[in-house]
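Here is a protein chain to get to know. Take a moment to turn the structure around before reading on.

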Amino acid sequence: FRLLKFKRYGYNIIKKWYVDGRLYYHVMIDPQNPKTGIKELRYIDPRKIRFIKREKRIATHSALVHMHDRYEEFFLYNPNAISSLEAGLKIAKDAIVFAHSGMFDDTGQIVLSNLHSALKIVNQLRWMEDALVIYRLVRAPERRVFTIDVEDIPPAKAKAYVEGIVNSHKNKIMYNSATGEVDTEKRFLTMTDDYYLPQRAGKGTSVTQLAGGENLGKLEDVDYFRRKLLKALHVPTSRLEQDSLFNTGRSSEITRDEVRYQKFIDRQRQQFATLFLGLLRIQLVLKGICSLDEWDEWQPKISFSYQKDNFFTELKDNEVLAQRIEVIDKIEPYTDKYFSASFVRTQVLKQSDEEIEQLEQERADEKAKGIMPSGPNAGMMGMPMDPNDPNAFADDPNAPPDPNAPGMMGGPAPE
């Protein structure tokens, strides 16, 4: 963590890995004194390095003879990006630690990014938004419709008459102050301009208004692709709603999408942890703490705990524990007759053998230290129960005397 500066740059490191799908680091050690461990970690652009596994070859009488079942594995680095399998710098396999997304193409040779499934949807969403903007610009303006009366004009001249009116409105006289010339600039009819239509119904010339595009505020198409994008990113669609309330993670508030999203995050964390395992392996072997064979035995037992960003897991565990305790209260009258203590601990509380052994050891230690009293009527954490309770000190030999007891001071004398 210190060499990665993970506490400061952890967000950027995970972002690179999530977007690129690959994360490579070159491990730098001291060749003269390798027992000092890793000295430096250098980030390598994933576009400039590639893992190579091929058969070893030897030259015999100008011929290449393949040595079957013997492969050489190394990383090939080229600062100008990998273009061929021969150009570049060879780096030993153990000198590179990496973590990939765990997603591959159909051939199983190219590592895919976690964002690969969302690329097409992002482009579709972008095109839909651009088309929506163009539609609003074209359909939003209101236009006028001029219906020109051509009742008394012959059909051959009606068209020219209408065009003359259009040109009179569309021609724009421009004065050039530099040359002193007057130019007539002609504007062509477009989708946003007015319409001129001839009319022979004898109703006269009129001007009406053509309404702009309707339903411009509806975004069903955009919302569809947005939900599809969130689904491709494994993000709950409920987070798309701006008015959705924040919940603390109780089982009555949490949704199935949130549970699936949390499982997705846990899988990504386990996949990213391969980077830490690779660094830990090299460090322990260099320090002489373990050998490679011992590391193969230790690795399955190593796990990493990540910080939680919500109380969902904690609240879920508390609710499950509360339900189990409630079951114990219900079956307690039948424990001596139908159930054993071992059955209750293994089947109801779901405690493993290791947990039972650990709890018994902790209880024995607490009794020895006086934290947990041995009396059945003692309270929590070794504190006595309510002194007003007449049964609180029934089994305690050091309990104070009861002033109301027969024969005691202040009590009635026995007859």
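What follows is a short tour of this chain, from the whole fold down to single residues.

This is a predicted model, so local features are described where pLDDT is at least 70, side-chain atom pairs count only at pLDDT 80 or more, and totals for chains, interfaces and linings use all residues. Residues are numbered from 1 along each chain as its sequence is written, and side-chain values use heavy atoms, with hydrogens and water left out.

## The whole chain

Let's start with the big picture. The chain has 10 helices and 11 strands; these are DSSP runs, with helices (H or I) of at least four residues and strands (E) of at least two, numbered from the N terminus. There are 415 residues, and 21% of them count as buried. Here buried means under 20% relative accessible area, exposed means over 50%, and partly exposed is in between (1.4 Å probe, protein chains only).

How much of the contacts with a separation of 6 or more comes from residues 24 or more positions apart? The share is 55%, where a contact means heavy atoms within 4.5 Å. As for the outside, the accessible surface comes to about 31,100 Å², and carbon and sulfur atoms own 53% of it. Such areas come from the Shrake-Rupley method with a 1.4 Å probe, and for residues only the protein chains shown count as cover.

## Patches on the surface

Now for the patches. They are made of residues with over 30% relative accessible area and no salt bridge; like charges are joined within 9 Å, and nonpolar side chains (Val, Leu, Ile, Met, Phe, Trp, Tyr) within 5 Å. Lys and Arg count as positive, Asp and Glu as negative, while His and the chain ends are not counted. A charge is placed at NZ of Lys, CZ of Arg, CG of Asp or CD of Glu.

The positive patch brings together Lys231, Arg256, Arg260, Lys263, Arg267 and Lys316. Which helix gives the largest share of the positive patch? That's helix H5 (residues 256-287), with four residues. Arg267 lies in this helix and is partly exposed, at 49% relative accessible area.

On the negative side, Asp293, Glu294, Asp296 and Glu297 form a patch. Glu294 belongs to helix H6 (residues 292-298) and is partly exposed at 35% relative accessibility.

There's a nonpolar patch too, about 360 Å², built from Val133, Ile134, Leu137 and Val138. Ile134 sits in helix H2 (residues 119-139), and with 54% relative accessibility it counts as exposed.

For contrast, look at Phe146 in strand E7 (residues 143-149). Phe146 is buried, with a relative accessible area of 14%. Phe146 and Val162 are 16 residues apart in sequence, and their C-alpha atoms are 10.0 Å apart in space.

## Salt bridges

Side chains of opposite charge can pair when their charged atoms come close. A salt bridge is a side-chain nitrogen of Lys or Arg within 4 Å of a carboxyl oxygen of Asp or Glu. The whole structure holds nine of these, and the table shows some of them.

| Pair | N to O distance |
|---|---|
| Glu40 and Arg42 | 3.4 Å |
| Asp94 and Arg281 | 3.9 Å |
| Arg226 and Asp223 | 3.9 Å |

Asp94 and Arg281 link distant parts of the chain, 187 residues apart: Asp94 is in the loop between strand E5 (89-92) and strand E6 (96-100), while Arg281 is in helix H5. Arg281 is partly exposed, with a relative accessible area of 25%.

In the first row of the table, Glu40 is partly exposed at 37%, and so is Arg42 at 43%.

Arg226 and Asp223 both lie in helix H4 (residues 220-232), three residues apart, or about one turn of the helix. Arg226 is partly exposed at 32% relative accessibility, and Asp223 is partly exposed at 23%. Elsewhere, salt bridges with shared partners join Lys53, Glu73 and Lys93 into one network.

## Positive phi angles

Two residues round off the tour. Lys5 isn't a glycine, yet it has a positive phi of about 55°. Lys5 is in the segment before helix H1 (6-20) and is exposed, with a relative accessible area of 51%.

His234 isn't a glycine either, and its phi is positive at about 65°. His234 sits in the loop between H4 and H5, where it is partly exposed at 40% relative accessible area.
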